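Please read the report below alongside the sequence and the three-dimensional view. It is written for someone who meets this structure for the first time.

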Amino acid sequence: MHIPDGFLSARTAAAAAVLSAGALGVALNVARSLPRRRVPLMGLTAAFIFAAQMINFPIAAGTSGHLVGAVLAAVLVGPAAAVVVMSAVLIVQCVLLGDGGLTALGANIFNMAVAAPVFGYAVYGLISRLLPGTRGRIVAAAFAGWCATVIAALCCAVELAFSGIHWVVFPAMINVHLLIGIGEATLTALILSAIIRTRPELLDASAAEPARRRMIPLVVAGLLVAIALAVFISPLGSDWPDGLEKVAEHFGFAASSRTVLPPALGLDSKIRTTAWATALASAVGTVLAFGLSLLLARWLVPNRSAGRNGEHP
Amino acid sequence: MNAIEISDLHFRYPDGKIALDGISLSIPEGHTVALIGPNGAGKSTLLLHLNGLLPEKLGQDGRVKIFDRPITAKNVDEIRRDVGLLFQDPDDQIFCPTVFEDVAFGPQQLALGDQAIAQRVTEVLDRVGLSGFDDRLPHHLSGGEKRRVCLAGVLACDCRILVLDEPTSDLDPRGKRQLKDLLRQLPATKVIATHDLELVAELCPRAVLMDAGRLIADGPSLHILADEPLMLQHGLEKPHILQHLHPHV
Amino acid sequence: MNAAHTEARSLSRTWMQRLPASLRLAAAFALITAVILLPAGHWRVYAAIAGALVVIAAAARVSMLSVLKRLALLEPIIIGVAALSLLGPAGLRGFLSILAKSSLCLFVMILLSTTTRFTEILRVLRAIHTPWLLLTTLTLMYRYIFVLAEEGHRMRRARLSRTFNRGRWRTWKNLGTVIAQLFVRSSERAERIYAAMCARGWK
């Protein structure tokens, strides 16, 4: 979700901008070592993602969804290039269409152009190593797409919460995106399987790199997971207001996060219950999403190519 | 000294298919030569050899010579200053966001000053009949205008040899006429791969017929175009315009 | 691609377009920052800013109708997220303040994009030493967005003309294949663009 201007406090927006500028810088550095031949591909992939995001997929009763494409981009051009590509997409959307605020650009880039593709690619790398063949890849990509959606929503919710939006933004955003992620998983699986069917060599070759280099995205993912868990689980451990207040004070956000703390009088238990409910929903969601990914792969990839040799990611 | 000298050129695609099977061709400076033949004859592949885009790894043997210089990895940048290639799809060639920037791309690589570049771009846009198009977005141009922008981009580099791949495809009659008039005035050596046999009859005194990677015929275009059995045998036909331009043929 | 057509219309040379793009960009950024730093509930200040923006829009010959249309498109998201603050201590006052401020910022961005061509923004980015790879990606992306969008549209249309069984899953599969094809074509095009760039001396 693109955060508009006016929802993030100045400090949160600035912090997110600094983080995403740093991450983008790192990604640009890594992507610079790509062969020159691939440079036009990055621009075209960015245009492709932009165009693909405009295609509406009918869901029900007039609503429709669309692809975000962070994981798709990462699988097609590699994680570093995907960060650059998705950042470019967000910049153009902000400036040309007004989708996403100018001051919120840092946060939006962090959520959808850094966290989503990097974390998603790490999940993809891990699972495609465990499950071989084309089917394994589709399972990995689909599930990674779901995870990327949820992680982006999580980051977004954290940013909004730190900016003083009511704490209910947390369960609201996450629960909604547990569902939306299913669309992303399905679309990623559909599109990727179609590409593999016709031109498998177009997938990013860096997946074949030596194991050592592949550890980096996994380490980063591990860190992100740890952070996610910390933010997630800590409210269950201690009192939500205290936990968040401590974090907020530490980062100097205490003043602006005042309004996050619900007034006393019996709301503590409500927060606790909601937190537990969200955590449970996420756990169930994860299992369901993985199951769905397995199903999708089975549907989309005919039996013959399921365990083809030489297709190891 | 010939502008282009090709000696026994062979080329095979990565999948093993033979694209060029021993092509030898000499083109003197200032001449206009048409390259005709059915689809899949290897015309585009041959054109890509004229500025070193193929073979992908340039060796030392230099089967293609431009102004007596064999194309090698070392001098391919220089060669590209002399040989301007116009691709079949103008959308592939116009890769900058505005007309000005795209035409300026070549001169920028030549490291001219900003003012010299601006002057050159204006001159060249004038020549192709597109003055004032500087700030236009390529996406909003018609097919004919896009082709002229591509031509301008190549003229801006002062290329002595122009290589064109299907320049009149996708053009309406007016666009074709404008392009033909433009090409007629250019003094550069021209090699034009085309299906447009009218263009060949009007503009190119010499034609080279290719099929399946081989040179079938090389001579005055009127003779080749009028040779109906030959044309039919190689997937072409005798153009009707011949009746009007040269009734005696 | 309405944005493209909006951009084309902005070719009219009002005083606004004559200001350097960097100035317009900086002013937009400064204004947006100022608005978001405004405390809640300062209704008169919000109204004053809104009034000023309307005047600027009129002076720059930007059609209010087109501005309102674009505002209407993005307002639902703003309203939706702002609604969450209704639950908090800030209540209705907080909700309306966020709504007002966010809409003002959106107004500024719409004005900016209607009066500034993206190519000018690219030039500003180049001047502030944006890394080359990001700049090239943005430039090529902007150049080919419209081309790809049209290609996607044409492919979708071709698919639809041969689809008689309109189930939802079938539609998803078709559209998915269209998008996959779009990527395949984009990569092939990228190769050709690379060749075109090399042909013109790109190093």
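The report takes up the chain contacts, a helix pair, the overall form of one chain and two sheets.

This is a predicted model, in which local features need pLDDT of at least 70 and side-chain atom pairs count only at pLDDT 80 or more, while totals for chains, interfaces and linings use all residues. Residues are numbered from 1 along each chain as its sequence is written, and chains are lettered from A and ligands numbered from 1 in the order in which they are written.

**Chain C and its contacts**

Chain C has nine helices and zero strands, where helices (H or I, at least four residues) and strands (E, at least two) are DSSP runs numbered from the N terminus. The C-alpha trace of chain C spans about 55 × 50 × 30 Å along its principal axes.

Chain A meets chain C through 55 residues of chain A and 62 residues of chain C, two residues being in contact if their C-beta atoms, placed from the backbone, lie within 7 Å. On the side of chain A that touches chain C, at least two residues each come from α1 (10-31), α2 (39-53), β1 (57-60), α4 (79-97) and α7 of chain A, and α2(A) gives the most, with 13 residues.

The contact between chain C and chain B takes 21 residues from chain C and 20 residues from chain B. On the side of chain C that touches chain B, α1 (2-9), α7 (118-127), α8 (132-161) and α9 (168-199) of chain C each supply at least two residues, and the largest share, eight residues, comes from α9(C).

The table sets out the residue classes, in which Ala, Val, Leu, Ile, Met, Phe, Trp, Tyr, Cys and Pro count as nonpolar, Asp, Glu, Lys and Arg as charged, and the others, Gly among them, as polar.

| Set of residues | Nonpolar | Polar | Charged |
|---|---|---|---|
| Side of chain A that touches chain C | 41 residues | nine residues | five residues |
| Side of chain C that touches chain B | 14 residues | three residues | four residues |
| Contact of α6(A) with α7(A) | 23 residues | seven residues | one residue |

**A helix pair in chain A**

Helix α6 (residues 133-162) and helix α7 (residues 169-198) of chain A pack with their axes 7 Å apart and at an angle of about 150°; axes are lines fitted to C-alpha atoms, for helices over the stretch in contact, and angles run from 0 to 180 degrees between N-to-C directions. α6(A) and α7(A) are therefore roughly antiparallel to each other, a term used for angles over 145 degrees.

**Two sheets in chain B**

One open sheet of chain B has six strands in the order β6-β7-β8-β3-β9-β10, with mixed pairing; two strands pair if DSSP finds at least two bridges between them. Its edge strands, each pairing on one side only, are β6 (83-86) and β10 (214-220) of chain B. Within this sheet, strand β3 (residues 32-36) of chain B runs parallel to strand β9 (residues 206-211) of chain B, and four bridges join them. B:Ala34 has B:Ala207 as its bridge partner in β9(B).

Another open sheet of chain B has four strands in the order β2-β1-β4-β5, with antiparallel pairing, and its edge strands are β2 (18-28) and β5 (69-70) of chain B. Strand β4 (residues 64-66) of chain B pairs with β5(B) over two bridges in the antiparallel sense, and B:Ile66 has B:Arg69 as its bridge partner in β5(B).

Methods: Parallel < 35°, antiparallel > 145°, perpendicular 65-115°, else oblique.
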